[in-house]
Amino acid sequence: MTDTSTRALAARATRPTGTPTRGRRALISLGYFVIPIAVVIGIWQLVTILNPPAPFFPQPFAIIANLWDLLFGSPKAVQQVFYGEFLQTVGRMALGFALGAIWGVIVGTIMGLWRGARETINPIVEFLRSIPATATLPLFIILLGGGDDMRVAFIAYGVSWFVLINTAQGVGAIHKTLLDVGKVFKISPARRIFRIVLPGAMPKIFAGLRIASTAALLLAIVSEFMLASNGIGYMLVQAQGRFQLLNMWSWMLALAILGLIINTLLEWIEGRILAWHRQSRART
Amino acid sequence: MTSTTVPRQTRRSPRVGAIWRGIAGVLGLAIVLEIVSRSGIVDQKYLPPFSEVIVRSFTLWGDASFRNDVGSTLLTYLIGLAISIVIAVPLGALFGLSNRVYRAARAVIELLRPIPPVALIPLVLLMLGSGMEMKVVIVVFAAVWPIMFNTLYGVHDVDPYAKDMARSFGIGRFGIIRRIVIPSAAPFIMTGVRISSSIALIVVITVELIAGGAQGIGAYISRLRGSYSDAADTYLSVLAATIMAGLIGLVINLVIGWLERRFFGWEARDSA
Amino acid sequence: MTENTTAQAALVVDHVSHVYGSGPSAHHAISDLAFSVQPGEFVSIVGPSGAGKTTLLRTLAGLLKPSEGGVIVDGNRISGVPAGMAMVFQDYSRSLLPWLTIEKNVGFPLEGKKIAKADKKAIIQESLEAVGLGGFAKRYPWQLSGGMQQRVAIARALAYRPSLLLMDEPFASVDAQTREGLEDLVLKIRDTYGMTILFVTHDIDESVYLANRVLVLSRPPARLAADIKVDLPEPRDQITTRENADFIRLRGHVARLIHSGGDEE
């Protein structure tokens with residue numbers, strides 16, 4: 001997705017004329033964040049109170065309250081169950097993401113470094129990549145059954161493509177001179193890969209990782225729609241089957257929050273690791 | 001041979017060597033798969049011979065219900081994409097032109113965007129049943145974002161000198177929008193449409209897969225799984241249908257890419 | 001001094017030729033180049049624009065295997081990059097690692113080599129000071145100007161403690177005044193460290209100003225058009241040396257050779 005476009009835009013947008021102080025700017029940003037959401041929630045709340053209750057759109061406050069209850073309010077034992085659901089999803093996601101990312105980086109690096117390999121593998125990659133990852137779920141189920149290893153494999157498979165493509169692009173874009181530097185100073189090939197190639201490609205790889213993380217969450221949920229016994233996706237299907245709208249919305253809210261947390265985490269990590277990249281780009 | 005001072009990998013039109021290598025790669029893989037399967041190294045239950053998969057991919061098209069399903073999927077995809085464009089372009093243009101409005105809306109956007117569209121399936125299923133409306137709603141929810149952001153970016157990034165130049169000729173606000181902003185943003189919008197197109201197709205098939213329903217490639221695959229006929233044969237069909245789904249997506253992508261180059265060739269953009 | 005066959009030459013180019021591609025579109029870059037370089041010599045290599053100079057330098061560096069012939073460094077025929085040889089590239093912005101600080105960049109050649117940490121630090125600091133960038137250790141490349149970046153590249157080469165230094169049109173992308181500073185820096189380094197230097201350039205004045213010896217290449221397929229001894233007074237000075245009558249004569253000689261494409265005048 002065009003994440004960079006919004007970031008570039010935000011970078012341009014946050015320079016108002018008659019520049020207020022940093023404190024005021026932060027307050028304004030916060031205001032822009034909180035007020036629209038409050039307005040939307042407020043309207044929603046009002047509508048659901050005034051109109052005869054539409055079952056599909058419960059009151060937002062009720063949703064939040066319900067989620068709170070589920071996670072914090074109910075008896076300890078029940079609480080643990082619900083934490084468990086979260087953890088199940090996150091666990092699968094993380095493991096699948098890690099495996100898929102490693103595989104993607106490996107193959108992507110090979111493709112990026114050696115033109116011969118890239119040209120040979122590329123048609124295969126392009127073709128396999130065009131098969132929607134979610135559509136491969138039935139295949140995975142047939143091959144690996146309904147258990148967790150199927151899910152992790154499924155997630156890893158879907159994730160690997162994004163990482164692979166971006167890694168290949170990032171590695172391929174590394175200037176020849178940089179590689180020559182490694183050779184001239186007699187740096188071993190292994191070191192060249194870990195100290196020159198991968199760091200150099202890291203901006204692109206990280207962009208791929210961010211997309212992949214979104215995909216990992218999505219694939220985890222999808223994998224929990226079928227033949228599952230736990231996880232957020234499973235909870236959603238359960239709530240659907242029992243027409244428990246409040247629960248369903250609560251879990252959707254939980255999902256949105258989870259997505260937000262993951263994205264923020266990755267952005268923070270990227271900010272630390274790729275500070276050099278941002279600053280050098282900002283200069284030009 | 002090593003080249004001299006050019007950056008290592010420039011992606012221009014494929015060189016002859018690249019084409020040969022690509023063909024070799026595909027053939028090589030095909031042969032390996034065929035041998036591994038037929039010789040039994042990997043159980044044919046898990047890996048049917050490559051040739052059989054190819055054959056089945058073709059015979060699928062002889063099945064009327066498959067053809068209907070493909071048609072249904074494409075229809076849902078087109079409707080979903082069209083609605084996405086209708087919603088996303090004006091919104092994106094609005095946000096691109098007015099920074100204030102964008103900042104106000106950003107919070108809501110950033111909260112909605114991370115929600116996996118497929119997570120909405122249970123809800124929308126309850127609301128609208130398992131027909132086309134449900135699918136279209138979810139497709140639209142997924143596909144608006146790339147178009148919207150690309151439109152926003154394209155509109156926002158119009159060359160200010162071009163706008164000044166137009167203003168100096170006395171062209172009014174709407175004239176500027178029509179004659180400078182839109183042509184300038186058009187390539188970006190097209191890129192957004194291309195990205196959204198692949199997302200839309202993926203989402204349609206996914207929804208069909210999960211929510212069942214009667215129509216669509218995803219539904220076809222789902223039905224296959226539930227059938228009681230010969231397991232290996234079913235697997236072959238599932239494999240073939242899945243591959244077909246990918247192929248259709250590839251073809252659509254190529255077509256849109258061609259359209260993009262044909263009409264907006266002056267500003268070819270790489271995918272995000 | 002003529003070629004001294006009894007002392008060990010630092011570098012011998014043994015009838016090197018190189019062809020890019022094959023068939024009718026083949027490009028003969030260099031053809032039957034042969035010369036030797038004594039330790040401590042400063043040799044400039046000039047020639048018209050074309051693939052010859054860079055091809056030669058890459059061959060000397062071991063980055064390129066020539067179609068014919070070979071290169072002998074310190075008595076051994078090289079295959080791949082020889083030890084004790086450092087290189088400064090033309091494109092400094094692409095040769096420094098942008099994610100590392102200056103000092104980490106300078107220390108990069110020492111990666112994986114068995115040197116004590118304290119020694120590494122000392123070498124880095126000394127190399128930085130040798131190029132006049134002692135206080136810039138913690139900065140990043142993008143914070144430095146082009147000339148300074150090239151100094152960092154030179155410091156990096158120094159940190160490697162090479163006996164042979166190859167420089168590939170290092171000052172071509174730098175403005176004229178910065179170039180003068182850098183030229184003198186290279187001379188100072190040569191005096192301090194005593195290494196053998198091969199300096200490829202297209203700038204005729206620069207080639208004569210810096211060197212003991214100028215090798216002039218012809219147009220591709222590049223042959224050795226001339227091997228000219230440069231006997232100008234040391235230390236060189238940007239103003240007085242360039243006014244020197246011998247400098248003017250030598251420079252004119254080289255210029256004519258290049259303009260005529262390498263034919264004898």
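Which residues in α10(A) meet which residues in α11(A)? In the predicted model described here, I232(A), M235(A), L236(A), A239(A) and Q240(A) in α10(A) meet N247(A), M248(A), W251(A), A254(A) and L255(A) in α11(A). Sorted by class, the residues of this contact comprise eight nonpolar and two polar ones, with no charged residue. Two packed helices are described by the angle between their axes and the distance between the axes. For helix α10 (residues 232-241) and helix α11 (residues 245-273) of chain A, the angle is about 160° and the axes are 8 Å apart. Because angles over 145 degrees count as roughly antiparallel, α10(A) and α11(A) are described as roughly antiparallel to each other. The crossing in which α10(A) passes α11(A) is left-handed.

A backbone feature is found in the loop between α9 (189-223) and α10 of chain A, which is the place of L227(A). Most residues other than glycine have a negative phi, and most peptide bonds are trans. L227(A), a residue other than glycine, has a positive phi, near 55°.

In chain B, helix α2 (residues 50-60) packs with α10(B) at an angle of about 70°, and the axes of the two helices are 9 Å apart. Because angles of 65 to 115 degrees count as roughly perpendicular, α2(B) and α10(B) are placed in that group. On the side of α2(B), the contact is made by E52(B), V53(B), R56(B), S57(B) and L60(B), while α10(B) contributes L236(B), S237(B), L239(B), A240(B), A241(B), I243(B) and M244(B). The contact of α2(B) with α10(B) has eight nonpolar, two polar and two charged residues.

Helix α10(B) also takes part in the interface between two chains, where 56 residues of chain B are in contact with 53 residues of chain A. On the side of chain B that touches chain A, two or more residues each come from α1 (16-38), α4 (99-112), α5 (121-128), α6 (132-156), α8 (173-211), α9 (217-226) and α10 (231-264) of chain B. The largest share of this side, ten residues, is given by α10(B). By class, the side of chain B that touches chain A is made up of 38 nonpolar, 13 polar and five charged residues.

Confidence in chain B can be considered next. The mean pLDDT of this chain is 81, and 90% of its residues reach 70 or more. Over residues 1-12 of chain B, however, pLDDT stays under 50, and the model has twelve contacts beyond four places in sequence for this stretch. The pLDDT is likewise below 50 over residues 268-272 of chain B, a stretch that has nine contacts in the model beyond near neighbours in sequence.

Chain C contains sheets that can be described strand by strand. Strands of a sheet pair through backbone hydrogen bonds, either parallel or antiparallel. An open sheet of four strands in chain C follows the order β2-β1-β4-β5, and its pairing is antiparallel. At its edges stand β2 (27-37) and β5 (76-77) of chain C, each of which has a single partner strand, so one side of each is left without a neighbour in the sheet. Within this sheet, strand β1 (residues 11-20) and strand β4 (residues 68-73) of chain C pair in the antiparallel sense over five bridges, and D14(C) stands opposite G70(C) in β4(C). Helix α1 (residues 52-61) of chain C lies across β1, β2 and β4 of chain C and runs at about 55° to β2(C).

An open sheet of six strands, also in chain C, has the order β6-β7-β8-β3-β9-β10, with mixed pairing. Its edge strands, β6 (85-88) and β10 of chain C, each pair on one side only. On average, and with direction ignored, neighbouring strands of this sheet are turned by 15° against each other. β6(C) pairs in the parallel sense with strand β7 (residues 164-168) of chain C over four bridges, and M87(C) stands opposite L166(C) in β7(C). α1(C) packs on this sheet as well, where it touches β3 (42-46), β6, β7, β8 (196-201) and β9 of chain C, and its direction makes about 155° with that of β7(C). Helix α9 (residues 245-259) of chain C lies across β3, β9 and β10 of chain C, running at about 175° to β10(C).

Cis peptide bonds are also present in chain C. The bond from P220(C) to P221(C) is cis, with omega near -5°, and P221(C) is found in the loop between β9 (213-217) and β10 (224-229) of chain C. A cis peptide bond also joins E234(C) and P235(C), with omega about -10°, and P235(C) lies in the loop between β10 and α8 (240-243) of chain C.

Notes. Residues are numbered from 1 along each chain as its sequence is written. Chains are lettered from A and ligands numbered from 1 in the order in which they are written. This is a predicted model: local features need pLDDT of at least 70, side-chain atom pairs count only at pLDDT 80 or more; totals for chains, interfaces and linings use all residues. Two residues are in contact if their C-beta atoms, placed from the backbone, lie within 7 Å. Ala, Val, Leu, Ile, Met, Phe, Trp, Tyr, Cys and Pro count as nonpolar, Asp, Glu, Lys and Arg as charged, and the others, Gly among them, as polar. Two strands pair if DSSP finds at least two bridges between them. Axes are lines fitted to C-alpha atoms, for helices over the stretch in contact, and angles run from 0 to 180 degrees between N-to-C directions. pLDDT is the predictor's confidence in each residue, from 0 to 100. Angles under 35 degrees count as roughly parallel, over 145 as roughly antiparallel, 65 to 115 as roughly perpendicular and the rest as oblique. A crossing is left-handed if the near helix is turned anticlockwise from the far one by less than a right angle, and right-handed if clockwise.
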